[in-house]
Amino acid sequence: MKPVINKRSNSGRAWNRIIISAILAASLLSLLAWAVFRLLVAGQDITRLDKPLPAATIIYDQKGKEATRISLNSFEPVSYDSLPKQLVDAVVAVEDKRFFEHDGMDIWGIIRALFTNLTNGRTVQGASTVTQQLAKNVFLSQERTWSRKWNEVLLAKKIEEHYSKPEIMEMYLNRIYFGEGAWGIKRAAAVYFGKPVNRLSLAESAMLAGIVKAPSALSPYKNPEKARERRNIVLQLMKEQGKISPDMFDKAVREPVKLQGSRPDRGEAVKYPYYVDQIVREASLKYGMTENEVLHGGLRIYTTLDTKMQQAAERVYAQEALFPESTADQLIQSGAVLVDPRDGGIKALIGGRGKQPFRGFNRAVQLKRQPGSTMKPISVYTPAFEQGYSPGDILLDEPINIGGYQPKNAGGAYHGEVSIYESIVHSYNVPAVRLLNDIGIDAGMEASERFGIRLTDADRTLGLALGGLQEGVSPLEMAEAFGAFANNGTRMPAHSIVRIESADDEILAEADHDAGLKVTEPSVAHTMTSVLQGVVREGTGEAAALPDRPVAGKTGTTEMPGSGGQGAKDNWFVGYTPQLVGAVWLGYDHTDGGHYLTTTSKAAAAVFQALMTEALKDEPVLAFPQSKAAQAGKDDERGNYDSKEEKWKPDKDRGKKDDDNKESGEDKHEKRKDKENGKKEGKGKD
């Protein structure tokens with residue numbers, strides 16, 4: 001009789017062996033992973049926690065010399081025993097409610113945040129503990145990557161093993177940034193409430209705890225309502241977590257926000273404040289850095305700043321007599337920028353007149369105003385020259401009505417047949433509109449985009465000829481655009497930063513030195529320059545003329561509605577020499593019936609003249625390339641365009657159809673008539 005084999009028993013033993021083997025393997029892997037984790041934790045260097053933060057950021061000029069050192073704060077530590085319990089409770093409630101329970105990483109917090117974010121379909125809640133935030137602020141960059149998060153965990157674990165919870169909270173509150181230049185809780189209490197830390201009320205403690213999430217956006221100086229709402233959220237969390245009673249909550253939420261009398265002026269501690277402001281903005285927009293990192297990260301920032309030109313610009317803007325007289329209640333404002341057209345380097349920048357807060361409104365770069373007639377060379381005459389027109393061609397300056405749009409010249413006069421040269425030099429509006437209609441609005445739109453002027457569909461009107469833009473431009477944008485004329489038709493993106501290095505010599509950001517964009521042919525740029533020299537020599541820009549130095553440029557004025565043509569919202573002058581472009585804007589920040597300019601664009605031209613004269617002292621006198629079109633338009637062969645007799649004369653026969661090789665404006669208009677059907681009419685500006 002054969003023995004009966006229990007197959008089920010054998011199968012069970014096999015599975016047991018597999019399970020046991022799996023458990024052993026998992027245990028070994030876990031032990032190995034833990035050992036690796038421990039080695040990684042042990043390898044973290046946290047000695048920098050004993051060093052005061054933050055370090056000063058150093059700004060270097062175009063020659064690599066130190067221009068200014070930014071250190072807007074002093075590190076003033078407060079001991080844990082001096083911190084009000086309600087302040088610690090507020091920070092724990094809003095930033096890390098299991099702070100006194102976890103060992104650096106809150107697993108439950110991660111699970112809770114993951115669930116919340118998945119439920120909302122976006123990231124609405126973070127999971128970083130106070131210890132992790134401390135590690136990130138002291139040791140790591142602000143980039144959002146998994147590798148940075150992993151390093152954050154390792155550092156947090158090491159910190160928890162070497163410091164007690166009170167010590168960690170003390171370091172955190174002494175090193176965190178609270179906005180308005182306030183590093184650390186002691187400075188924050190003084191900046192916002194003008195009192196020592198131990199005298200902070202419950203409501204004030206909750207507000208400071210709430211600011212940590214977004215110091216700039218939640219600053220009660222900038223956004224008092226948002227700051228109050230955030231404070232109340234913190235108080236609500238404290239109540240829910242049993243840290244305060246309902247009565248304490250009710251009293252605190254009713255407490256008004258009482259800031260110290262005046263907002264701190266950090267600009268007094270910053271040399272070249274408007275230029276530094278642009279550095280911060282550029283580092284943020286181009287390289288993803290925060291204001292905190294730039295101003296307080298101990299960086300070395302190499303720039304295109306010319307300290308001589310910047311100081312000259314600041315001296316000019318300190319001269320009240322250069323500017324039109326303001327009303328008693330509002331100062332006529334101005335913004336200006338100087339740029340090297342050959343490489344796009346911003347040499348000097350002024351963002352306003354009078355006492356202005358650091359990182360306040362910078363009119364040289366943040367302003368958005370209609371450019372008036374400074375747009376004509378870009379949106380009308382450059383595309384016209386590209387299509388074969390020349391400065392000597394004839395345009396009609398007489399009343400027109402194009403689909404209901406009836407532009408007028410400044411002063412209301414008309415001049416009959418005029419050359420393109422005369423139209424530009426004297427800034428006639430009607431010929432510019434007529435020419436844009438002939439070449440096509442699309443050509444003007446496309447040229448403007450090439451020159452870096454961002455337009456919208458609403459700008460697709462004949463008003464484009466006169467700078468009637470929907471969103472407007474800044475002086476920096478206009479300087480960059482005109483730089484293409486000075487640089488043989490190549491536009492160099494304007495920039496202030498050459499490179500940014502960390503305190504450890506690591507290159508964090510670097511400008512692209514081959515970023516030039518060809519926007520038109522050199523011959524067109526040279527022709528435009530020759531014509532714009534005429535604007536300064538004998539036209540609307542005479543006030544911008546520089547002694548013994550060639551300069552080209554264009555005036556611009558935008559009309560103030562309701563002033564009967566006697567008032568203006570904006571005065572502009574944008575001009576250049578071969579090595580420097582300058583753009584100047586004048587106007588009120590808030591224009592209304594009692595606040596508008598009564599000056600012409602000569603006011604901006606006069607400021608430009610003073611700026612360029614001072615900035616170019618001791619700089620070599622360079623000549624513009626000679627335009628072939630200029631030579632063709634002369635009456636003799638001397639080739640010296642500085643002679644007033646040698647200009648494009650209003651030759652009544654030029655531009656007409658008797659020249660078999662050139663179409664008249666009417667012929668060109670006929671070819672484009674169908675293409676232009678349906679175009680919108682814009683509101684023209686002088």
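Begin by selecting Gly288, the residue that follows helix H11 in this predicted model, and note that its phi is positive, near 70°.

From there, step back into H11 itself, residues 273–287. Taking 1.5 Å a residue, its 15 residues should span 21 Å, and the end C-alpha atoms are 20 Å apart, which agrees with that expectation. If you colour the helix by accessibility, the residues of H11 that are buried include Tyr274, Tyr275, Val276, Asp277 and Gln278, and the run of buried positions also takes in Ile279, Val280, Arg281, Glu282 and Ala283.

Next, select Gly440, which follows helix H16 and has a positive phi, near 105°. The helix before it, H16, covers residues 429–439 and is mostly covered, with 11 of its 11 residues buried. Among them are the charged-type names Arg434 and Asp438, together with Asn429, Pro431, Leu435 and Ile439.

Now move to His102, which sits in the loop between helix H2 (85–95) and helix H3 (107–120). His102 has a relative accessible area of 6%, and because buried means under 20%, it is classed as buried. Show its surroundings and, leaving aside residues up to four places away in sequence, you will find that His102 touches Asp96, Thr129, Thr131, Glu160 and Lys165.

Finish at helix H1, residues 7–42, by selecting Ile23, which lies in that helix. Ile23 counts as exposed, because its relative accessibility is 51% and the cut-off for exposed is over 50%. Add Trp15, Ile18 and Ile19 to the selection, and with Ile23 you have the residues that make a nonpolar surface patch of about 430 Å².

Definitions and conventions. Residues numbered from 1 in each chain as written. Predicted model: local features only at pLDDT ≥ 70, side-chain atom pairs only at ≥ 80, totals over all residues. Heavy atoms only, no water. Helix = DSSP H or I, 4+ residues; strand = E, 2+ residues; numbered from the N terminus. Expected span 1.5 Å × (residues − 1). Buried < 20%, exposed > 50% of the residue type's maximum accessible area, 1.4 Å probe, protein only. Contact = heavy atoms within 4.5 Å. Patch = residues over 30% accessible without salt bridge, like charges linked within 9 Å, V, L, I, M, F, W, Y side chains within 5 Å. Areas by Shrake-Rupley, 256 points an atom, 1.4 Å probe, with all protein chains shown as cover. Salt bridge = Lys/Arg side-chain N within 4 Å of Asp/Glu carboxyl O.
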